[in-house]
Amino acid sequence: MKLYLFSPIEKKYREEFNHHTMLQNIKVAAFIALTVAIVSTTVRVISWFVPYQAMVSSKQFNEYRIINNYTVSTSLFFAGLLFFIWKKSGPKQQNRYHFISILYSLAFLGTCMALTFVAQHNPKNTMTMLLLGMISIGVLLVFSIRNLLLIAGSTIVIFMLFFHMFQVSADTRSLNYVVFWLIIICFLLISRLIYSYHANYFIKIKTIEDKNREIEKANQLKNKILAIVAHDLRNPISGIRSVTHLMQEYPYTKEQEEKYLYWITDACKTADQIIEELLMAAKQRETDLLQTDYVSLNEWLKHVRDNWLQKSNFNRDIGLELPSQELKARIHTGKMQRVVDNLLHNAAKFTPAEGDITLGMQQLRGGVRISIKDTGIGIPEELLPTLFDQFTTSSRPGLNNEPSNGLGLHICRQLVQEHGGNIYVSSRENQGTVFNIDLPFTLL
């Protein structure tokens, strides 16, 4: 168990833990007040039948009676108020009224201290009630360091102001001062141990909840991946099976053989693309720092454009709009190239032969913007809000029925966010689409 003797709980859990303990303190303080009220009332009723007055002096009896009246009235008041707050208020309002549980703690300790002061008339029974009160508050309630020091400080001030009025001798006074400071130290230590116990238990519960959420997300991802495999990956496999069936069952010419082989190759490429994107979507983000290179973005974008044109066999040119000054940044060239490649691929899928595609870059205040613009068919407005979601339903086949499995743009956003940037889209149907990649100035 980690001890929090002089420090609060970790910042990650601190606010939620404080809210939790505030709610708990209101409930516990309400039951303490009710219990004390019942016990004090019972003592008063018993005093009607048991001759307490004959056992103590008349002055002491009157003092006990005043303390009893104070205890019953304050406990009933705070019990009613705390139960009302507990039952009728929401969590936020309860946290706002948490100071009432602190006030009752001070009132309860005041009662115990008053009984201690009255007991000073009997040197053999001096600090018992104060000890019981401090231990009860320290064990049953969970206070932050600030509130704990407030309660301890108030108790010390009141004790120092009134304690000397009830001492019978200098020796007894000195002894009780020593005992009092021991009680305060024990109170602080016990309270912090209780705080540590609750904090560790709370962290364990939250850790379990976080793990459960991760497991739930993993299960959801697994189910979505299986759905993609069952649906999208089945199509190219079925195509390969159909072509091989044709080649086995029916005679074919050399020209047909080349066509069949082309269909099989195309289906294999489609399956490879789906598998690659599934693996990328399933792979968790690396926990270590992003490995970046300091590169000229102007030269890098030219290389990305030329490399994509060569790999994709795109039979049209892609415009390049770059600033006159050279812009440099630290990026993971492989990951960012994947982003630009994916966006160029999407632009090519949804832009007709007579349309234009432009890869550009400009320096913005606070960063750099890389843009991919096209004059294609655009994106319907209702699809834009979920366009970057994982396994989005916004995916559509291209103009030539190119397949799409709803993973590419989600992966693009994930890779851009790893660089500390973000990706945006603006589009109008039948007018074109613009994807903007904004990278912060801190990368330059």
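The chat below walks through a predicted model of one protein chain, from its overall make-up to single residues.

Q: How many helices and strands does the protein chain have?
A: The predicted model has 12 helices and 7 strands in its protein chain.

Q: And what share of the residues is buried?
A: Of the 444 residues in the protein chain, 41% are buried. If you look at contacts between residues at least 6 apart in sequence, 75% of them join residues that are at least 24 apart.

Q: Which residues does the "transmembrane region" annotation cover?
A: According to the unreviewed UniProt entry, that annotation covers residues 28-50, 70-86, 98-119, 125-143, 148-166 and 178-195.

Q: What does the chain look like over 28-50, helix or strand?
A: Residues 28-50 are 87% helix and 0% strand, and the C-alpha atoms at the two ends of this span are 32 Å apart.

Q: And what about 70-86?
A: The span 70-86 is 100% helix and 0% strand, with its end C-alpha atoms 24 Å apart.

Q: OK, now helix H7. Where is Ser191, and is it buried or exposed?
A: Ser191 is found in helix H7, and because its relative accessible area is 1%, under the 20% cut-off, Ser191 counts as buried. Once residues up to four places away in sequence are set aside, Ser191 touches Gly138 and Leu148.

Q: What about Tyr177, which helix is that in?
A: Tyr177 is also found in helix H7, which runs over residues 170-231. Tyr177 has a relative accessible area of 22% and is therefore partly exposed.

Q: Which residues is Tyr177 in contact with?
A: Leaving aside neighbours within four places in sequence, Tyr177 is in contact with Phe159, Met160 and Phe163. In addition, the C-alpha atoms of Tyr177 and Met127 are 9.9 Å apart in space, while these two residues are 50 residues apart in sequence.

Q: Switching topic: how do H10 and H11 cross?
A: The axes of helix H10 (residues 297-312) and helix H11 (residues 333-349) come within 10 Å and cross at roughly 55°, so the two helices are oblique to each other. The crossing of H10 and H11 is right-handed.

Q: Which residues make that contact?
A: On the H10 side the contact is made by Trp300, His303, Val304, Asn307, Trp308 and Lys311. The H11 side includes Thr333, Met336, Gln337 and Val340, and Asp341, Leu344, His345 and Ala348 are also among the H11 residues involved.

Q: How do H11 and H12 cross, then?
A: The axes of H11 and H12 come within 9 Å and cross at roughly 145°, and this crossing is left-handed. The contact is made by Lys335, Arg338, Val339, Asn342, Leu343 and Asn346 of H11, together with Gly408, Leu409, Ile411, Cys412, Leu415, Val416 and Glu418 of H12.

Q: Why is H12 described as largely enclosed?
A: Helix H12 spans residues 408-418, and 9 of its 11 residues are buried, so H12 is largely enclosed by the rest of the structure. Among the buried residues of H12 are His410 and Gln414.

Q: What follows H12?
A: H12 is followed by Gly420, which has a positive phi near 85°.

Q: You listed Cys412 in H12. How many disulfides are there?
A: A search of the whole structure finds 0 disulfides. Cys412 is buried, with a relative accessible area of 2%, whereas Cys268 is partly exposed at 32%.

Q: Any loops worth a look? Where is Leu322?
A: Leu322 is in the loop between strand E2 (319-321) and strand E3 (328-331), and Leu322 is partly exposed, with a relative accessible area of 24%. Not counting residues up to four places away in sequence, Leu322 touches Asn298, Leu301, Lys302 and Met361. The C-alpha atoms of Leu322 and Leu359 are separated by 8.4 Å, although the two residues are 37 residues apart along the chain.

Q: And Asn430, where is that?
A: Asn430 is in the loop between strand E6 (422-428) and strand E7 (432-440). Asn430 is not a glycine, yet it has a positive phi of about 65°.

Q: Is Asn430 buried or exposed?
A: Asn430 is exposed, because its relative accessible area of 66% lies over the 50% cut-off.

Methods
Residues numbered from 1 in each chain as written. Predicted model: local features only at pLDDT ≥ 70, side-chain atom pairs only at ≥ 80, totals over all residues. Heavy atoms only, no water. UniProt positions renumbered as here; feature names shortened; annotations may be inferred. Helix = DSSP H or I, 4+ residues; strand = E, 2+ residues; numbered from the N terminus. Buried < 20%, exposed > 50% of the residue type's maximum accessible area, 1.4 Å probe, protein only. Disulfide = S-S within 2.5 Å. Axes fitted to C-alpha atoms, helices over the stretch in contact; angles between N-to-C directions. Parallel < 35°, antiparallel > 145°, perpendicular 65-115°, else oblique. Left-handed = near helix turned anticlockwise from the far one by under 90°. Contact = heavy atoms within 4.5 Å.
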